[in-house]
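Got the viewer up and a selection tool handy? Follow along, one stop after another.

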Amino acid sequence: MLRRRRPKHADTYGLASGGAERHSAFRPLGVSGVGTLQTVTRLDDLRRATDALRGKGTLALVPTMGALHEGHLTLVREAREHAEHVAVSIFVNPRQFGENEDLDAYPRQMARDTALLEEEGVALLWAPPPEEVYPAGYATNISVAGISEGLCGSDRPGHFDGVATVVCKLFNQVRPDSALFGEKDWQQLAVIRRMARDLDLTLPHVDRIIGVPIVREEDGLAMSSRNAYLSPAQRARAAALPRLMRETIARLIGGDPVENALRRLRKELVEAGFDSVDYADLRRAADLQTTREIGPDNRLFVAARIGGTRLIDNMPVV
């Protein structure tokens with residue numbers, strides 16, 4: 001079925017205003033609302049809410065872990081170009097955090113996030129507690145081989161199993177017509193596309209899992225919830241990451257051997273104030289296979305650490 005695209009300058013958002021359009025009957029059962037936004041925390045209420053929305057048009061999903069920033073809001077705005085209604089999920093997924101990672105410290109700011117989504121005209125916020133997503137006795141895990149290995153998969157064992165598992169559940173819970181993900185997490189996007197194709201999910205076509213280009217700060221740093229962990233001095237040093245990546249790409253296009261360019265990039269990142277570099281590599285965009293040839297399908301991938309903060313980025317080699 002073809003997607004109906006909204007006009008570029010549509011002046012309506014999600015559900016129309018008015019009490020009847022807010023589906024207030026759901027609210028006594030774990031649903032709250034401000035304006036036209038429904039906030040749902042229980043799965044049985046979610047089923048009714050999404051059924052009602054789909055009865056009035058197509059539905060796009062933007063999965064998040066909250067702590068929303070302009071990058072997330074860009075996904076929401078793009079989602080409105082692909083569907084009549086937009087749902088956003090906020091769920092800090094414990095299964096994608098490792099033993100020494102920042103699950104407890106991960107920023108949670110639901111009131112602020114809800115206000116931002118209301119301003120963007122989002123129809124539905126799915127914000128379940130952990131026990132609603134992983135009930136007692138939960139024992140199923142999804143692992144996507146190959147494309148989840150290497151890059152962040154090497155440094156964060158089990159991370160992409162957690163991502164694939166929760167996104168599969170979100171697709172089955174919300175049952176959207178399309179879903180949008182940021183290209184900053186390119187490997188995550190590739191894992192999700194592979195999983196949806198392999199499991200014949202409700203999103204069977206790759207073009208309905210939509211990648212949205214990275215949103216950057218004025219100095220080029222990719223927007224991320226983890227940027228908030230940086231001190232002012234660390235934040236200033238972090239701007240070297242996109243700058244050095246662009247310089248590396250220019251050298252690669254200019255004919256510098258790939259290994260030389262990558263070695264120099266790692267060295268320059270440390271000299272610029274990064275404490276360590278987890279990886280700096282050239283990969284094919286489609287399947288994330290390592291390549292040492294420059295071409296239009298190649299991307300430069302980097303993960304580097306400042307203090308306790310791990311920053312990732314990727315750029316096309318063009």
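Start by selecting Glu183 and its surroundings. Setting aside residues up to four places away in sequence, Glu183 touches Leu189, Gly211, Val212, Pro213, Ile214, Arg299 and Asn314. This is a predicted model, so keep that in mind at every stop. Glu183 belongs to the loop between strand 6 and helix 7. Buried or exposed, would you say, for Glu183? Its relative accessible area is 16%, so it counts as buried, the cut-off being under 20%. Now draw a C-alpha to C-alpha distance from Glu183 to Asp313: you should get 9.1 Å, for two residues that sit 130 apart in sequence.

Add Lys184 to the selection. Lys184 is in the loop between strand 6 and helix 7 too, and at 15% relative accessibility it is buried. Which residues does Lys184 contact, once its neighbours within four places in sequence are left aside? Look for Ile214, Ala222, Met223, Ser224, Ile312 and Asn314. Two of those names, Ile214 and Asn314, were on the list for Glu183 as well.

Next, helix 7. Select residues 186-198: that is 13 residues, running 18 Å from the first C-alpha to the last, close to the 18 Å expected at 1.5 Å a residue. Colour the buried ones: Trp186, Gln187, Gln188, Leu189, Ala190, Val191, Ile192, Met195 and Ala196. What covers them? Show helix 5 (152-155), helix 6 (159-174) and strand 6 (178-182), which are part of that cover. Then bring in strand 7 (209-212), strand 9 (298-306) and strand 10 (309-316), which also belong to it. Past the end of helix 7, click on Asp200, where phi is positive, near 50°.

Met195 leads on to the nonpolar core. The largest nonpolar core has 44 residues, and those touching the most other members are Val167, Phe171, Phe181 and Met195. Select those four, then widen the view to the elements that each supply at least two residues of this core: helix 1 (43-54), strand 3 (59-64), strand 5 (124-126), helix 6, strand 6, helix 7 and strand 9. Which of them gives the largest share? That would be helix 6, with nine residues.

Time for a look at backbone angles. Select Ala67, in the loop between strand 3 and helix 2 (70-79). Phi of Ala67 is near 50°, a positive value in a residue that is not glycine. Ala67 is also buried, with a relative accessible area of 7%. Then jump to Leu151, in the loop between helix 4 (130-133) and helix 5. Leu151 has a positive phi of about 50°, again without being a glycine, and it is buried at a relative accessible area of 5%.

Now for a pair of arginines. Go to Arg226, in the loop between strand 7 and helix 8 (232-238). Why does Arg226 count as buried? Because its relative accessible area is 19%, and the label applies under 20%. Show what is in contact with Arg226, leaving aside its neighbours within four places in sequence: Phe97, Asp102, Tyr106, Arg156, Thr309 and Arg310.

The other arginine is Arg251, placed in helix 9 (residues 240-253). Arg251 is buried, with a relative accessible area of 16%. Its contacts, again without neighbours within four places in sequence, are Asp256, Arg264 and Glu268. For one more distance, pick the C-alpha atoms of Arg251 and Leu262: they are 10.0 Å apart in space, with the two positions 11 residues apart in the numbering.

Next, switch on a pocket display and find the second largest pocket, which holds about 180 Å³ of space. Of the 15 residues lining this pocket, select the closest to its centre: Ile90, Phe91, Val92, Arg108 and Met110. Colour the lining by class and you will get 11 nonpolar, two polar and two charged residues.

Last stop: zoom out to the whole protein chain. How many helices and strands does it have? There are 10 helices and 10 strands. Of the 318 residues, 54% count as buried. Finally, take the contacts with a separation of 6 or more: residues 24 or more positions apart account for 69% of them.

How values were computed
Residues are numbered from 1 along each chain as its sequence is written. This is a predicted model: local features need pLDDT of at least 70, side-chain atom pairs count only at pLDDT 80 or more; totals for chains, interfaces and linings use all residues. Side-chain values use heavy atoms; hydrogens and water are left out. On a 1 Å grid over the protein atoms alone, a cavity is a set of points where a 1.4 Å probe fits but cannot get out, and a pocket is an open set with protein on both sides within 12 Å along at least five of seven lines; lining residues have an atom within 4 Å of a point. Grid points are joined across faces, edges and corners, and a volume is the space filled by probe spheres set on the points. Ala, Val, Leu, Ile, Met, Phe, Trp, Tyr, Cys and Pro count as nonpolar, Asp, Glu, Lys and Arg as charged, and the others, Gly among them, as polar. The expected span of a helix is 1.5 Å times one less than its number of residues. Buried means under 20% relative accessible area, exposed over 50%, partly exposed in between (1.4 Å probe, protein chains only). Contact means heavy atoms within 4.5 Å. A nonpolar core is a set of buried Ala, Val, Leu, Ile, Met, Phe, Trp, Tyr and Cys residues joined through side-chain atoms within 4.5 Å.
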